[in-house]
Amino acid sequence: MAKEECKALLDALNKATACYHHLVLTIGGSADSQNLREELQKTRQKAQELAVAIRGRLTPPLRDRGLGAEERAEFERLWVAFSSCLDLLEADMRRALTLGTEFPLNKPLRPLVRTGVEGGAANVAARALSARSLRHEAERGFDVEDLHQLEREILQVGEMIHDMEMKVNVPRWTVQARQAAGAELLARPSAGVSSMRCVSVEQRMGPCDPSKALAATIFSAVLLAAVALAVCVAKLS
Amino acid sequence: MAAGPASHGGLRRAQRPHLSKMERMVVSMQDPDQGVKMRSQRLLITVIPHAVTGNDIMEWLIHKYCITEEEALHLGTLLVRHGYLYPLRDPCHLELRLDETPYRFQTPYFWMSTLWPAAELDYAIYLAKKNIRKRGGLFDHEKEHYDQLHRKISHTWDLVVMQAREQLWAAKQRRKGDRLVIACQEQTYWLVNRPPPGVPSVLEQGPERNSCTAGRVQMTKTVDFYRREVECLRKALGRARVKSSVCLEAYLKFSSQRGPHDPIMSGCLPSNPWVTDNDTYWAMNAPSAAVPTRLRVEQWAFSFRELLEDPVGRAHFMDFLSKEFSAENLSFWEACEELRHGGQAQVPALVDAVYQQFLAPGAARWVNIDSRTMERTLVGLGRPHRHVLDDAQLHIYMLMKKDSYPRFLKSDLYKDLLAEAVVPPKTKRRVFPFMRKPRHSSPSPALLPASASREPSGGDGEA
C-alpha cells in the first residue's frame, strides 16, 4: 500500500535527520574527528536517498486530481511533514558547512572547543543507517573534500525543495496534523521513556529515583526471602 | 521554520561584531598551552572533563588582556549571558561567580552567531523533548510558549512529535556523560534565546542598518558573486567622504553655538512648561509671535537657512530687502518654494505665473539670473514640472546668501531688533510648588470628537 510505504520511508528519514542533527551538534567540539565527519557524510547521504525516494512516491498521488478528499488529506499531511523534515535537514547541512569550514581538522587554525563531549558517535550513525555498527574508512584529508561535496549536496537539496514547491501545491493552513498538543506524553510502544532525567548535572543518583528505588526494594525483599529460606533449610537439615 | 542562515542570517551576523569578538576570545581560551586551566567534574560514577571555574576565567582574562578585575568580571559575565559558557550547578541563572562554581564551554553549534535567529520549529521540538523527559513538568512560561507554538505551527505537529522522540533515541546511543553534556548545552541555548520572564534578553539590538556584507562562509565564488562585489566597490568609491577631523570640528562648532539655545541643556525662560504648567514659553516662541525673543533673533545670525525658516525672521528680511530694492529675489524664492511643495494640478498655472511675473524680459519684478541658468530654465519651461525652476531658485538663494544676508546682519534694522528683543524673566520658584497651583490633567482627546477638528490648529501654533 503506497501510504504505508511512504510512512515507513518518512519514519526512516525522520530518524536520519534526528541522528544527523545530533552529530552536527558536536562539530567543532572536543569530539570532532575524521570519524565524525565520515559519519556525518554517511548519514546525510542516506537521508538524501530517502528524501528522493519519498518525493518519488508522494508526488504522483498529489498531482493526481482524481484522488478522494480523505486520501488527499492524508497525503498532504505526509507531504507537510516531509517538507518540514527536509527544511530541517537543509538547515543542519548549512550549519555543518559553516562549522566545518571554521574548524578544519588537519591544520588547526583554531583549536577545537573543549566542550566535555568525548565519546564517539558511531552508534548514532549506525542507528541512522539502520545498521548494526559502522566501519570507519576515512583517510587524513577527508574533511576538506567532504566540504566540497557538502556544498554540492546543499545546492542539490535546495533545488529539490524549490522543485517540490513548484510542482506540488499544498497549502499549509489546510493541513490538520494528527497529533494533538501533548501527544508526545503518550508512550509509544517502542519508545520506553524512562531514564532521561532532570539535567542539572550535580544531582545524586539513588534516593530521588522512584523506579530505581522500587526495583531496589523488590530486589532486597527477594534477597531477604532467599536468605530466610536458606536459614530455615539449614536449621531443618 | 528553520531558515537557511546563508543569505538572511549573514546580514544579521555582520551587524553583531561583539559576537565574533567573543568567539575569538573563547577560541583563544582553548589553546592547550596558554588557555584556561581545565578540571574534571566528578559525578557519582561518571567523570566529565573540561570544566573551568569562574576564578580561572577571571585570572586568564586579567592576564591575557591586562585589564582590571572589574572589567574582567564584566567580560566574563557577558560571555556567560550570551551563552558561550554555562554554569553547571545552577543552570537557570546565567551569571559568572568568582568562586569554585564550575562552568563549561558551549559547543559551536549553539553559538549565537551560528544559530540565530532561533527557529520556532526547533523550539517546539525542544519543548516536546523536555515534555517527554520531565513528563509534563515544564515551567509556566514554557507551557505558554508550547501552547502558542501549537497554535502557530499545528500543521507540522506530527513532525515535531516524531523528531522529538527520534532525537531522544539518538541521544541514548551515546555515553551517559556525553548525553548529560549535550542536554545541558541545549538547555543553555534555549535559556539565552527564550529567556524566562524577568530576565533581560541579550538578543535585543538597535535599528537595522543596510550593510551589504555577505555571510561568514562564501559558497563557491561564481561570476555573479564577483560581479556584485565589483558593483558594491564601485558604488563605495563614488561616495563622498569627509575626514572625521573636519566633521568633528563642524560638530564642535555646532554644539558650542547651539548650546545656550537648547532648552534642555541651558534651561528655558521663563520656565519649562512641562514642569511648572506655565506655557508662557510656548506663547512667546510661537511662529507668529509679535515680539521675538532675544535668543530667537540671535539664532538668525547662525545661518541663512535659519533666517528663512523662521516666519518672523523672513518678514523682517523682506522689509530689509524692500529698503534695498531687491525684494523681488525673496518673492521669487518664495514662489518657487510654493511650486515645489504645492499641488500637482496647480503646477502649470503656477509656472506660467512665475514666468510672467519674474522671468519674462520686461517683467514687473524681474530677477537677475545669469544667462546659462536662464537658457536652461527657458528650455525646461516647455514642459513644466515642479522642479523646473530649481536651478534658478538655487542661484537666487546663493545670491541672497552671499550678498544681502551679510548686509542684513550688519544693518541697523537687525541691531534694533536685537535691542528690542525680549528676554523673559525667570519665574520665581515657589517654596511650596505643589500647594499653590493645582495641576489639571488635560481632557482625553478621545472624549471630544466634536472639537477635535478645532484642536490641531491650536496645537500647531505652539512651538
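Author: A residue counts as buried when its relative accessible area is under 20%. This is a predicted model, and by that cut-off 41% of the 463 residues of chain B are buried.

Reader: And what share of chain A is buried?

Author: For chain A, with its 237 residues, the buried share is 45%.

Reader: Let's try the cut-off on single residues. Why is His82(B) called buried?

Author: Its relative accessibility is 7%. The limit is under 20%, so His82(B) passes and counts as buried.

Reader: Where does His82(B) sit in the chain?

Author: In a loop of chain B, the one that links helix H4 (69-81) to strand E3 (85-87).

Reader: Which residues is His82(B) in contact with, leaving aside its neighbours within four places in sequence?

Author: There are His18(B), Leu19(B) and Met22(B), then Met112(B), and further along Val192(B) and Val202(B).

Reader: Over to chain A. What makes Leu89(A) a buried residue?

Author: Leu89(A) comes out at 1% relative accessibility. Buried asks for under 20%, so Leu89(A) goes into that class. As for its place, it belongs to helix H3 of chain A, residues 69-102.

Reader: Which residues touch Leu89(A) once the neighbours within four places in sequence are set aside?

Author: Thr17(A), Tyr20(A) and Ala47(A) are in contact with it. On the backbone side, the C-alpha atoms of Leu89(A) and Ala18(A) are 8.7 Å apart, with the two positions 71 residues apart along the chain.

Reader: How much of the contact within each chain joins residues at least 24 apart?

Author: Take contacts with a sequence separation of 6 or more. In chain A, 82% of these join residues 24 or more positions apart. For chain B the figure is 62%.

Reader: What does the secondary structure of chain A come to?

Author: Six helices and zero strands, which reads α-α-α-α-α-α along the sequence. Chain B, for its part, has 23 helices and four strands.

Reader: Now the interface. How do you know that chain B and chain A touch?

Author: Contact needs heavy atoms within 4.5 Å. On that test, 78 residues of chain B meet 80 residues of chain A. Between them the two chains bury about 7200 Å², and 62% of that is on carbon and sulfur atoms. Tyr109(B), Arg165(B) and Arg174(B) supply 10% of the area that chain B buries against chain A, more than any other three residues.

Reader: Why is the pair Arg77(A) and Asp158(B) called a salt bridge?

Author: The N to O distance between their side chains is 2.3 Å. The rule allows a side-chain nitrogen of Lys or Arg within 4 Å of a carboxyl oxygen of Asp or Glu, so the pair qualifies as a salt bridge. The count between the two chains is two salt bridges. There are also eleven residue pairs in polar contact, both residues at pLDDT 80 or more.

Reader: Which elements give two or more residues to the side of chain B that touches chain A?

Author: Among them are helix H2 (17-29), strand E2 (47-53), strand E4 (102-105) and helix H7 (157-172) of chain B. H7(B) gives the largest share, 14 residues. By residue type, the side of chain B that touches chain A has 42 nonpolar, 19 polar and 17 charged residues.

Key. Residues numbered from 1 in each chain as written. Chains lettered and ligands numbered in written order. Predicted model: local features only at pLDDT ≥ 70, side-chain atom pairs only at ≥ 80, totals over all residues. Heavy atoms only, no water. Buried area = accessible area lost by both parts, 1.4 Å probe. Polar contact = N/O pair within 3.5 Å; in protein donor to acceptor, adjacent residues only side chain to side chain. Nonpolar A, V, L, I, M, F, W, Y, C, P; charged D, E, K, R; others polar. Buried < 20%, exposed > 50% of the residue type's maximum accessible area, 1.4 Å probe, protein only.
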